[in-house]
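Here are my notes on the model, set out as numbered points. Please read them with the structure open.

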Amino acid sequence: DDEERTSAELFHLAERINAKYPGTVDYEEVEDSHLASGKRLGLWLAGDVFLNTAVREGLNLDCFEYVYVKGDSPGVIVASEFGTNTSVLNGAMRINPFDVKRWKNTLDQALSMQAHERRARRARDVDYVTSRPSPLWTKQILSDMFEAADAEKNTGSKPDLILVTDDDGPNPLSKERGHYETGASFARLEPPRLIEAYKATSRRVLVLDYAGTLHQGERMGKYMKDDINPCHRGRELPPGIHKALKKLSADPRNSVYVIASLPKEPLLKAFEDLPNIGLAAQNGLCYSPCPSTARQFRMPNRSLSFGKLLSPKQGPPDGDSRAARREWFVPDLGIDWELVKSIALPILNRYTGRT
């Protein structure tokens with residue numbers, strides 16, 4: 001069991017820390033995630049910091065209790081950005097549980113925080129906490145549910161995408177038996193009209209998305225760490241999609257581009273044997289034009305600048321002859337981005353970490 005492995009790992013860590021620094025960690029697991037109210041409030045009163053490292057969580061009312069009971073000697077809440085608490089508690093310090101180095105520094109900052117700042121942080125939240133009793137939460141949730149039901153009944157609105165079961169076998173792009181149909185707010189593509197328009201034109205630009213279009217989006221929780229998701233590492237294209245892209249990009253009348261959130265290296269790996277396709281990595285931060293439009297990036301007297309050519313060291317990995325033929329560009333807006341970052345990042349780190 002994952003729960004048993006995690007429990008054993010935590011116990012081992014606490015044991016190892018106490019072996020080196022005796023009495024440092026008082027570790028105890030709570031059965032069924034429930035403490036009697038007296039023990040729970042006593043624990044909040046004894047703690048200088050409330051640390052929450054959830055990777056996926058709704059509203060944790062323990063944080064509310066902590067704000068309320070720490071009136072005489074306010075503590076600091078350090079809460080995961082993957083929970084709802086950081087959306088409603090403005091005094092909490094936000095962390096990403098997967099970024100251990102950063103949240104370790106945040107925890108150190110919380111433990112050494114001056115009393116006046118702890119009081120100021122509590123003051124931001126105490127009015128909100130004390131004005132939201134359980135009956136009010138229940139009333140608001142039920143009210144929202146009834147309003148949503150009435151709106152759907154009156155407008156007949158449906159979700160944009162609905163999974164419909166297929167009787168004739170699974171979708172070729174999915175392991176599930178079914179396909180998606182669209183609601184009224186989403187216009188479904190009509191293949192006959194698309195084919196007619198394609199045949200009627202002599203020059204075509206096709207812009208395609210990678211994850212979610214050429215590759216089915218991963219059915220994973222929205223709060224899962226990005227590097228766990230295979231789409232963020234680049235994957236081989238399905239055979240049918242690969243064959244279609246190869247045929248489209250081989251036509252000199254077509255300019256085919258693929259846009260992805262991936263960095264250059266995994267995107268190159270996914271399209272290494274499709275050299276006629278233009279690529280835009282990191283949502284357009286850098287791009288490699290396809291051969292049919294590459295010459296436009298080299299024209300010297302254009303009023304529009306397509307960007308700066310990346311140096312060979314910034315280009316594709318060594319040893320890949322097909323990838324090595326590619327040239328990569330970054331947008332040239334006449335802006336010194338290093339200067340912008342040096343000014344903006346300290347401001348963002350100071351103010352967005354508290355909201």
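**Notes on the predicted model**

1. Disulfides. The structure holds zero disulfides. The model is a predicted one, and the count applies to that model. Two cysteines can be looked at individually. Cys 63 has a relative accessible area of 0% and is buried. Cys 286 is buried as well, at 4% relative accessibility. Both values fall under the 20% cut-off, so the two residues are classed as buried.

2. The sheet. Three strands form an open sheet in the order 1-2-3, and the pairing is parallel. Strand 1 (49-52) and strand 3 (93-95) are the edge strands, each pairing on one side only. From one strand to the next the twist averages 15 degrees. As background, strands of a sheet pair through backbone hydrogen bonds, in either a parallel or an antiparallel way.

3. Register of strands 1 and 2. Strand 2 spans residues 76-80, and four bridges join strand 2 to strand 1 in the parallel sense. Two positions help in checking the register by eye. Val 49 has Val 76 in strand 2 as its bridge partner. Phe 50 stands opposite Ile 77, also in strand 2.

4. Burial of strand 2. How many of the residues of strand 2 are buried? Five of its five residues are, and the strand is described as mostly covered. The cover is on both faces. Val 76, Val 78 and Ser 80 are buried on one side, while Ile 77 and Ala 79 are buried on the other. Two of these residues, Val 76 and Ile 77, are the ones named in point 3 as facing Val 49 and Phe 50.

5. A nonpolar surface patch. Ile 141, Leu 142, Met 145 and Phe 146 make a nonpolar patch of about 420 Å² on the surface. Phe 146 is in helix 7, which covers residues 134-155. Is Phe 146 buried or exposed? Its relative accessible area is 57%, which is over the 50% cut-off, so Phe 146 counts as exposed.

6. Glu 265 and Ala 281. Helix 10 runs over residues 264-270 and includes Glu 265. Glu 265 has a relative accessible area of 39% and is partly exposed, because that value lies between the 20% and 50% cut-offs. Glu 265 and Ala 281 are separated by 16 residues in sequence, and their C-alpha atoms are 9.0 Å apart in space.

Definitions and conventions:
Residues numbered from 1 in each chain as written. Predicted model: local features only at pLDDT ≥ 70, side-chain atom pairs only at ≥ 80, totals over all residues. Heavy atoms only, no water. Disulfide = S-S within 2.5 Å. Buried < 20%, exposed > 50% of the residue type's maximum accessible area, 1.4 Å probe, protein only. Patch = residues over 30% accessible without salt bridge, like charges linked within 9 Å, V, L, I, M, F, W, Y side chains within 5 Å. Areas by Shrake-Rupley, 256 points an atom, 1.4 Å probe, with all protein chains shown as cover. Salt bridge = Lys/Arg side-chain N within 4 Å of Asp/Glu carboxyl O. Helix = DSSP H or I, 4+ residues; strand = E, 2+ residues; numbered from the N terminus. Pairing = 2+ DSSP bridges. Axes fitted to C-alpha atoms, helices over the stretch in contact; angles between N-to-C directions.
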